[in-house]
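Q: I am new to this structure and would like to take a close look at a single part of it, together with whatever surrounds that part.

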Amino acid sequence: VIQSIERRFRDGCSWTDTELSERLEASADTDVGLDVSNPEIYFEQLETLAERIRTDGYTTQAELYRNSPTAAWRRTERDLRPIHPLFNEIGVNLGRDGTVHWRHRGRHRLALGRALDVDRVAVQILTRHAEWQKRRDNFSPEQEENAEHPDLRDLRQAVMIG
């Protein structure tokens, strides 16, 4: 999914020249996360989302929910139960050194953000490696070489206010 989105929006190739198109034609692959019963609609949805990001910027799930509470509800990728929009940001894990790893949800938004050179996207931290959590627990802006890390922002603000 990610490579095909980057090929389409960064390199300008057509959807039919992507591996994702081949996968969709070969099977009813529900692992890609959107409605794939009709690949044309699926690609249309991606084009619409890309255009919205280009024109309006990246919109968080909370902003979508505030603007249209009922339209913001999404189905999960693997089953049909709706998930509350505020729990539907791009899910990431943080490694031992604070490295961000995509984990769950938002694969299309993340890929589009990368392909369209979006500076920031909203994420929801699902897990932190124990060593990274120790660094957070012992945070001191003067001693922390990663003091600008986004996951330490709340701690920097707390130190500056306090």
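Leaving aside its neighbours within four places in sequence, which residues is leucine 112 in contact with?

A: This is a predicted model, and in it leucine 112, once its neighbours within four places in sequence are set aside, is in contact with Ile5, Phe9, Leu46, Leu49, Ala50 and Ile53. To place these names, it helps to begin with the whole chain, whose secondary structure comes to seven helices and five strands, running from the N terminus in the order α-α-α-α-β-β-β-β-α-β-α-α. Of the 162 residues of the chain, 36% count as buried, and among the contacts between residues at least 6 apart in sequence, 49% join residues at least 24 apart.

Leucine 112 is one of the buried residues of α5, a helix that spans residues 107-115. This helix is mostly covered, with eight of its nine residues buried; they are Arg107, His108, Arg109, Leu110, Ala111, Leu112, Gly113 and Ala115. The elements against which these buried residues pack are α1, α3, α4 (61-67), β3 and β4. Just after α5, aspartate 117 takes a positive phi of about 55°.

The contacts of leucine 112 also lead into the largest nonpolar core, which has 21 residues and in which Ile5, Phe9 and Leu112 touch the most other members. At least two residues of this core come from each of α1 (2-9), α2 (19-26), α3 (39-56), β3 and α5, and α3 gives the most, with six residues. Apart from this core lies another one, of six residues, with Trp132, Ala147, Leu152 and Leu155 among them.

Turning to the helices around leucine 112, the axes of α1 and α5 come within 9 Å and cross at roughly 35°, and α1 passes α5 in a right-handed crossing. On the α1 side of this contact are Ile2, Ile5, Glu6 and Phe9, which meet Arg107, His108, Ala111, Leu112, Arg114 and Ala115 on the α5 side. By kind, the residues of this contact divide into six nonpolar, one polar and three charged. Why can residues spaced along a helix face one partner together? An α-helix has 3.6 residues a turn, so residues three or four places apart point the same way.

The helix α1 also meets α3, and here the axes come within 12 Å and cross at roughly 60°, again in a crossing that is right-handed. In this second contact Ile5, Arg8 and Phe9 of α1 meet Leu46, Glu47, Ala50 and Arg54 of α3, and the residues divide into four nonpolar, no polar and three charged. Ile5 and Phe9 therefore take part in the contact of α1 with α5 as well as in the contact of α1 with α3, while Leu46 and Ala50 of α3 are also among the contacts of leucine 112.The strands β3 and β4 complete the picture, since the buried residues of α5 pack against both of them. Strand β3 (residues 90-94) and strand β4 (residues 100-104) pair in the antiparallel sense over four bridges, and valine 92 has tryptophan 102 in β4 as its bridge partner. Five residues lie between the strands of this hairpin, where glycine 98 takes a positive phi near 90°.

Methods
Residues numbered from 1 in each chain as written. Predicted model: local features only at pLDDT ≥ 70, side-chain atom pairs only at ≥ 80, totals over all residues. Heavy atoms only, no water. Pairing = 2+ DSSP bridges. Core = buried A, V, L, I, M, F, W, Y, C linked by side-chain atoms within 4.5 Å. Buried < 20%, exposed > 50% of the residue type's maximum accessible area, 1.4 Å probe, protein only. Contact = heavy atoms within 4.5 Å. Axes fitted to C-alpha atoms, helices over the stretch in contact; angles between N-to-C directions. Left-handed = near helix turned anticlockwise from the far one by under 90°. Nonpolar A, V, L, I, M, F, W, Y, C, P; charged D, E, K, R; others polar.
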